[in-house]
Structure formats: structure tokens, C-alpha cells
Amino acid sequence: MVRGAARGIAVPMNLSAWWSSLQILLQDMDGFSGVAVESSFFQSLFNGLVKGGEILGSLRAGVHWTPSVFAVAQKECVDSFFSQNSFISYDTLHKLGIPQPIQFLQSRYPEGKPLVTVFAHASMIEMLDSAVEDAVERGTWIDSLTILPISFGSHDASKILSLCPSVEKALKSSKAHMLGESYIFSDTFVKGLFDSIEKELENLNTTGLTAAGSSDIPHVIKDSKQGHDDSSSQADLDEYDTQSVTGKSASEKGSKKKKGKATGSAKAGTDESVPEVQESTATKSKKKQKKGKIIPSAQVSDSKAGAKRDTDRMETPSFLSEESLIQRIMSLIPDLEEQGMDDPETVLAPLATHLRPMLLNSWMERRKVAFTDNAQKMRRVLDNIQRKLDEALLNIQLYEKALDLFEEDPSTAALLHKHLLRTAATPIVEHLLVNLDMYNKLKNGIQLEELQNPETVSMSSSDRIALAKGLPRSLSLKAVGLVETLEGKRIELFINAVRELAEESGLMLKKLDKKLERTLLHSYRKDLTSQVSAETDPVALLPKVVSLLYVQIHGKALQAPGRAISVAISKLKDKLDDIAFKTLTDYQSAAVGLLSLISAGTGDEEDCTSDRILSKRELLEASMPALKSLVLGGNSQF
């Protein structure tokens, strides 16, 4: 009974369960009812049969029986699959009843290599090694899972790649990179991607990356307004003024005098004010600690420390996120899907993760260089602001002194204030706004190719407001207030607004003292005298002569528009002798007549206006020596 049952078993069996089955079977047999047989009896019979070779198989732990027929079939199944596929999974062996698949396979196939979930033949390693070596030599990449059978997982791919000699050699020599668990990228391929992306980073405009709220000057400042021709520009009596005197006035000639003991000069301010600015600003910073304040040029000199502080504040840019890099790689290599990438985003994630630290480091280094370079540019911008403000504001204060002579005539005084705001104050505001905007951009790490010269660019009121609102908030409020004073009627309001903005910016402005006023007025007079002497335009001569008369008689630098020249001349009546005053008024009447004819002219050749204009111009030209003699021929006329 035991022999028959044992020979009928073809699969592994637990002997304890087997004996129980035999006892039940024995109870059902005739004549054996009530007979109890101990399991040990069956066991002793079974052991004897095994020892005698009557049943074939293996007994483990005394209770686990594996028939030889099953073991043979089991081995044949494993041999067949392994020989055909050069690998077999551990799960397959578990299903065949092999509890320790690795030990079983290693003992049977010593040339094979155990992986994480499968056992592979050496030939599969050689196949993968050859494919990887070819990919590295061609400077491309390879996903080992596309070569290995589908049963291989990513952990298996990682393990088998570690067994490939070419992979080990390439990794040691840095000719390849193992990214993720299954990807091998040649160093040539990775460097090519890195260089392409880094080149794009170099071409990026950092304005959109780090500068929130700063204005873009090219979008704000419009082209210079179209000018009129010579004849039409002279037709407007408002153009018949002293604006031409302003351009080369006391600021230019005064700068030549600003040597030695000329304390109010712009050059002296530039050379001597640096320690003064540094000391006064340090005191201010301790008192106020205003956020967003512009640092004076003397304090910008520590470029390394400033660059370090700015670098510490830098955040990782969004364009270097893993998602953005994946998209960038896909755009650089659009045929990735044709190379076997069914899901490029998933496949490229390890590559993006590898490239990101290198790109971040490159970007940070470039930013450090930019901040260091910008520190030098910031210093130059501040020096430029300080110099221009000193020169221009001193000139305006000089011109303001002359307005006191007209305070009894409110309408003329308002006209003179507005003229000074338009011709002298507006360029200061535009220069200040553009340079503060430039400073703000440099402070935020934006690289500017070159420092622009905005003095040749004309702005509208909306342009100036846009630039002012683009500055940091503390400066923006002051800057908007300054722009609004240009639409006012008093020059002193403008000067106060400039001082407030300069104080908020950490700049120091000079005040016009008596000594400096004398120096500037002397330079202004000398320059104006030279202009009068060289002037050949009969219309442009009159405002210069009137201005020079005010310097000689009142010691004031008058800047007057065309509509105010007549009033300015009338105020000289008591200061000039009758002949000189008549010469001046006659010339002024003739000049107004000429401008009126030019304004009324039609341009028609048959029109006699052109002859009258020519005649009037010749009359004025003939009177020019007499007019010049009023200021160049001595002081006998007053």
C-alpha cells in the first residue's frame, strides 16, 4: 500500500499529510474497520522502501518528499527555458517549486550571473556590453531596457550594467554617465547638450528673470520728436528765446574754473566729495536705514562683498527647473522619439537631473560675474548722476536768482518759471530717471551691454511717469512727485523735489553759495560774451544780448522765452542811456516783424512776402554791429 502510493505521487508531498490520507483510506477498507495504525509505522515502511531503492526521490527534513520524476521534469523545464532565452526569472522557479532559485541556478549554471529578479547567462552580458560600447564610441546614448528582455526590471538593468566591462571602463574614464538605473549617456552627448543649453543661457535677457517692476527704457522712451526746418522754427515767437544760451552756459565754462579753491565746481565735487559722501551717507544709514536706498558710489566699491550678498539672495530660476530642462532637451533633439523614446519626458528625467546642477553652477558663476561687473557700472552710474545733478542744479539755482527781478509782474514771472522748468529742469529729470532706472536694473543683476546716453532722447510726460513708477517704491513716490513739479509754475518746488529724491537715493547736492555763484556767473558771462561775438544769426543774437545785459547790469543769469523778451527789455530802460535803449527796442521790433513775416509766409514764389523777409533780414544784419556794441563796446551805454 505504501509502495503503491509512493510510486503514484509525481509532485512534492508532505509525508505527514500523506500518512493521514493513508489512515483514512485504511479505515474504508473491509476488515480494517477500527484498526488504528501509527504514522511512525508508515514512516518506517517508507524509509525502508527508499533505502532499498524501490521508490526514487529525495527526502528533505524527514517529511518533505520530492519524487525523482518531478525533479527531472523540473530541471528539464529550467534547462529548456534558460538555454533558449539565456535568462530565467526567479518567479518562474518559485512556480516550479524551487524555494531557493539563486542557489539552484548558481549550482547548475556557474557561468551565469544572479540579478535582482532574474538569472542571466554570460552571453547576455556580452551582448549588452557590446551595445553600450558602440553607443559610447558613437557619442550617443542607450537605454539598456530596450535591449534586455521585457522580464528585466530597472534594478536588473542597473545590476547587469555594473557587470559590463565597457560600462565600468567608460565610467572610470568619464567617457560615459549612468543616469537613472538603465540609461548610459556618452560624455560627448551630455557635453553637447550642456553646451547648447549654456549657450542659450548666455543669450537670455535677465530682465525677465530677476528684475521685477523695473522699467524697460527702450519701451518707455520714444524717438526724438521730428524737428522743424530753420524757417518754420523761427516762426514761433516762443522759440525766440535764450534757450541757446543754456547749452554752453556756466556749467561747461565753470567746470574749467573748478580747480584749486573753486569749492562749488562740479569737478571739485567729483574729486573731493567722495569721502564726504561716504561719511554723510554712513551717518544717514545709521539714522534711517531706509530700505531700497541707493548706495553712494564710495560704498559700492566693495564689489566682492556686494556680489556675495546679492548671490546669497538669488533663487533658483524657473527656466532651470527639471521640467523646463526636459522641454529644452526635447526641443534641442526633436528626433528622440525616433531613437526609441516612447515617453521622452520619463526617459529624459535622469538626464535633466544630471545636467541641472552643472547648469545651475554655470548660471550662478555667470551671475556672480554679472554682479561684480555691475558693481563697477553702478558706481559709474552714480558718479554720472552726482556730476550731472551738481552741474545742472547749480545752473538752475543761478538762473532762479534772475527771476526775483520779475516778481512784481506775476504773468511774466509765471512765464519765466515755466520756461525754466521746460528748458532746464526737464533734462535733469529725464537724466535722473533714466540713470536711476539703470541703477535699479544693475542692482538686480541685469547685464547691460553699455551705459546708454539718454540726453539725446526726448520723453513725453507719460514716459517720465512710467520710468518713475518703475523704480523701487520708496524712490518711486519721490520720483513721481518730481515729475509732477514739471507741470507746475514754480521752479523752487522742483528744486525741493530734486533734493528730496536725492536724499532718498543717498546722493548729496551742493547749494549755491556766494563764492560759487560768482564763479559760475563769471563763467556764464565769459561764455555768453563769446557767443554774442561769434553769432551770425540776427534773430538768435537778440536774446543773447539781453541775457548778457542782465549779467552786466544786474549780475543775474536770465533765461527768458521769446514772449518775455519784450518785458525783459522794458526793465532795462532805466539802466541804459536813451540811444542804447532805442537801439535795443528798434532791433527787437524788427526781429518780431521778421518772425511774423516768416510765420505768415506761404512759400509761393509769386508771393512778395519772401522779398519782404529778405529785406527785413538784411536790415537786421546791418543792425547787428550796433546791437553787439551794447555789450561788447564798453559800459558807456549804462
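Visitor: Is W141 buried or exposed?
Guide: In this predicted model, the relative accessible area of W141 is 10%. Buried means under 20% relative accessible area. W141 is therefore classed as buried.

Visitor: With which residue does W141 form a stacked aromatic pair?
Guide: The structure holds nine aromatic pairs. In one of them, the ring centres are 5.9 Å apart and the planes make an angle of 25°. Planes under 30 degrees apart count as stacked. The partner of W141 in this stacked pair is F185.

Visitor: How many residues apart in sequence are the parts that W141 and F185 tie together?
Guide: W141 belongs to strand β7 (residues 141-143), whereas F185 belongs to strand β9 (residues 183-186). F185 is buried, with a relative accessible area of 0%. Because the two rings sit in these two strands, their pair ties together parts whose separation in sequence is 44 residues.

Visitor: Which residues do ring pairs link into a cluster with W141?
Guide: The stacked pair already joins W141 to F185. Ring pairs link W141 into a cluster with Y183, F185 and F189.

Visitor: In what order do the three strands of the open sheet lie?
Guide: The pairing in this sheet is antiparallel. The edge strands are β4 (87-89) and β5 (113-114), each of which pairs on one side only. The order is β4-β6-β5.

Visitor: Which residue in β6 is the bridge partner of K113?
Guide: Strands of a sheet pair through backbone hydrogen bonds. Here β5 pairs with strand β6 (residues 118-120) in the antiparallel sense, over two bridges. The bridge partner of K113 in β6 is A120.

Visitor: What distance separates the end C-alpha atoms of helix α23?
Guide: Helix α23 (residues 473-485) has 13 residues. At 1.5 Å a residue, these should span 18 Å. The distance in the model agrees with that expectation, for the end C-alpha atoms lie apart by 19 Å.

Visitor: Which helices are included in what covers the buried residues of α23?
Guide: The buried residues in α23 are L475, S476, A479, V480, L482, V483 and T485. Their cover includes three helices: α21 (410-443), α22 (461-469) and α24 (491-505).

Visitor: How far apart in space are P561 and T423, C-alpha to C-alpha?
Guide: P561 is found in the loop between α26 (538-554) and α27 (562-570). This residue is buried, with a relative accessible area of 3%. In sequence, P561 and T423 are 138 residues apart. In space, C-alpha to C-alpha, they are apart by 9.6 Å.

Visitor: With which residue does D134 form a salt bridge?
Guide: A search of the whole structure finds eleven salt bridges. In the bridge of D134, the closest N and O atoms are 2.9 Å apart. D134 is partly exposed, at 36% relative accessible area, while its partner is exposed, at 55%. That partner is R138.

Visitor: In which helix do E168 and K172 both lie?
Guide: E168 and K172 form a salt bridge, with the closest N and O atoms 3.5 Å apart. E168 is partly exposed, at 43% relative accessible area, and K172 is exposed, at 67%. The two residues are four apart, about one turn of the helix, and both lie in α9 (residues 165-172).

Visitor: What separation, in helical turns, do K582 and D586 have in helix α28?
Guide: The side chains of K582 and D586 meet in a salt bridge, at 2.7 Å from N to O. D586 counts as partly exposed, with a relative accessibility of 39%. Because the two residues are four apart in helix α28 (residues 578-600), their separation is about one helical turn.

Visitor: Which residues are linked with E407 in a network of salt bridges?
Guide: A salt bridge requires a side-chain nitrogen of Lys or Arg within 4 Å of a carboxyl oxygen of Asp or Glu. The network that contains E407 links this residue with R490 and E492.

Visitor: What percentage of the residues of the protein chain count as buried?
Guide: The protein chain has 29 helices and nine strands. Its accessible surface comes to about 32700 Å², and carbon and sulfur atoms account for 51% of that surface. Of the 638 residues in the chain, the part that counts as buried is 44%.

Methods. Residues are numbered from 1 along each chain as its sequence is written. This is a predicted model: local features need pLDDT of at least 70, side-chain atom pairs count only at pLDDT 80 or more; totals for chains, interfaces and linings use all residues. Side-chain values use heavy atoms; hydrogens and water are left out. The expected span of a helix is 1.5 Å times one less than its number of residues. Buried means under 20% relative accessible area, exposed over 50%, partly exposed in between (1.4 Å probe, protein chains only). Contact means heavy atoms within 4.5 Å. Accessible areas come from the Shrake-Rupley method with a 1.4 Å probe; for residues, only the protein chains shown count as cover. Two strands pair if DSSP finds at least two bridges between them. Rings of Phe, Tyr and Trp (its six-membered ring) pair if their centres lie within 6.5 Å; planes under 30 degrees apart count as stacked, over 60 as edge-to-face and the rest as tilted.
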